[in-house]
Amino acid sequence: MSDHEPTTAEGFIEPVSMEEDLPELFPGDRGVLDPEVRRTLALILHRRFLLADRNRQEWRTLLDHQTVIESRLNDLYIRLIVDHEHGLAYKQQIRIDELDIPILLRDTPYTRSETLVLVHLRTVYERENVAGEAAPRIDIEDVEQTVLSYFTDADGDIARRQKAVRDAMRKLANDGIISEETTGRYRIGPLVEVVLSAQKLTELRDWLRETAAARAADAVEAEDTREGVLS
C-alpha cells in the first residue's frame with residue numbers, strides 16, 4: 001500500500017475539522033449559512049419588499065449571496081425577484097399546474113382603503129414625475145381630501161373614514177411605498193410604480209369613475225323618488 005496521501009486535486013475532499021464548523025445560533029442549529037445571510041433570507045420571507053435604501057446591509061448581503069438565497073427559496077417553490085432599477089427585492093409563489101406544490105405564500109391584497117390611497121399616491125407620483133419632480137411629496141390632508149370622496153355612508157362617520165385613511169398610510173409606510181419626512185408630510189417612493197402598474201392604475205381609475213357615475217345616478221333617482229312622494 002502506497003504511503004502517498006490522496007489530495008483534493010486527485011478527487012478527494014479534505015474533511016473539515018469540528019473546529020471549523022459554524023457555531024450554533026440556537027440549540028440544535030443545523031444551518032449552514034452565515035448569520036447575515038440567514039437574516040437576509042428571513043427578511044425576504046417576512047416582508048413584502050426588501051428595499052436597498054432602507055435595508056442597506058441586507059441589500060449588500062443579498063447581492064453578494066444572491067445565488068444561495070435564490071437556491072434556498074427555490075427549494076420552497078418560491079421565486080426571488082431582484083429589481084436593480086428600483087432597488088428592491090420581493091418573492092413570488094411558484095405555481096405550476098403539473099406539480100402538486102404546497103402553497104406557502106398566501107396572497108394578501110391591499111384593503112379597499114389602502115387601494116384607494118395607492119391610486120391617489122400613484123396618480124400624484126406620475127403627475128409630479130412628468131413635471132420633473134423625482135421625489136414627490138404629499139401631505140396627509142391632501143390624501144384625505146381626495147380619498148374620503150370615494151367613501152360612502154357605509155364606511156362610517158367622518159372620524160372612522162379618516163382613521164381608515166391614516167391606517168392605510170401607516171401600512172404603506174411600513175411597506176416602504178412612502179416615508180414620513182415630517183409629521184403628516186410624506187415622500188412617495190418609486191416602489192409605488194411596482195406595486196401599482198400603469199395598466200392597473202388605469203383600470204382602477206376607470207372603476208372609480210364608473211362607481212362615482214353610478215352613485216350620482218342613484219342619488220338623482222332617489223331625489224326624484226322623494227319629490228314624487230312629496231308631490
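Two strands count as paired here if DSSP finds at least two bridges between them. With that in hand, welcome to a set of close-up views of this predicted model.

**View 1. Strands 4, 6 and 5 make an open, antiparallel sheet.** Three strands take part, and their order is 4-6-5. Strand 4 (137–139) and strand 5 (178–182) are the edge strands, each pairing on one side only. From one strand to the next, the twist averages 35°. Look for the three bridges between strand 4 and strand 6 (residues 185–188), which pair in the antiparallel sense. One place to pick out this pairing is Arg137, whose bridge partner in strand 6 is Arg187. Helix 5 packs on this sheet, where it touches strand 4 and strand 6. The direction of helix 5 makes about 70° with that of strand 4.

**View 2. Helix 5 meets helix 6 in a right-handed crossing.** Two packed helices are described by the angle between their axes and the distance between the axes. Here the axes of helix 5 (residues 140–147) and helix 6 (residues 158–174) come within 10 Å, and they cross at roughly 125°. Helix 5 and helix 6 are therefore oblique to each other. On the helix 5 side, the residues to find are Ile140, Val143, Glu144 and Val147; they meet Gln162, Val165, Arg166 and Met169 of helix 6. Sorted by class, this contact holds five nonpolar, one polar and two charged residues.

**View 3. Strands 1, 3 and 2 form another open sheet of three strands.** The order is 1-3-2 and the pairing is antiparallel. Strand 1 (50–51) and strand 2 stand at the edges with a single partner strand each, so one side of each has no neighbour in the sheet. Two bridges join strand 1 to strand 3, while six bridges join strand 2 (residues 78–83) to strand 3 (residues 88–93). Ala89 in strand 3 is a handy landmark: it is the bridge partner of Leu50 and also of Val82.

**View 4. A hairpin links strand 2 and strand 3.** Four residues lie between the two strands. In the turn, keep an eye on Gly87, which has a positive phi of about 65°. The strands on either side of the turn run antiparallel.

**View 5. Phe49 and Tyr90 form an aromatic pair.** The count of such pairs comes to one. The rings of Phe49 and Tyr90 sit edge-to-face, 6.0 Å centre to centre and with 75° between the planes. Phe49 belongs to the loop between helix 1 (35–46) and strand 1, and Tyr90 to strand 3, so the pair ties together parts that are 41 residues apart in sequence.

**View 6. Helix 1 crosses helix 3 in a right-handed sense.** The axes of helix 1 and helix 3 (residues 66–75) come within 11 Å and cross at roughly 50°. That angle makes helix 1 oblique to helix 3. From helix 1, the residues Val37, Thr40, Leu41, Ile44 and Leu45 meet Val68, Ile69, Arg72 and Leu73 in helix 3. By class, the contact between these helices has seven nonpolar, one polar and one charged residues.

Terms used. Residues are numbered from 1 along each chain as its sequence is written. This is a predicted model: local features need pLDDT of at least 70, side-chain atom pairs count only at pLDDT 80 or more; totals for chains, interfaces and linings use all residues. Side-chain values use heavy atoms; hydrogens and water are left out. Axes are lines fitted to C-alpha atoms, for helices over the stretch in contact, and angles run from 0 to 180 degrees between N-to-C directions. Angles under 35 degrees count as roughly parallel, over 145 as roughly antiparallel, 65 to 115 as roughly perpendicular and the rest as oblique. A crossing is left-handed if the near helix is turned anticlockwise from the far one by less than a right angle, and right-handed if clockwise. Contact means heavy atoms within 4.5 Å. Ala, Val, Leu, Ile, Met, Phe, Trp, Tyr, Cys and Pro count as nonpolar, Asp, Glu, Lys and Arg as charged, and the others, Gly among them, as polar. Rings of Phe, Tyr and Trp (its six-membered ring) pair if their centres lie within 6.5 Å; planes under 30 degrees apart count as stacked, over 60 as edge-to-face and the rest as tilted.
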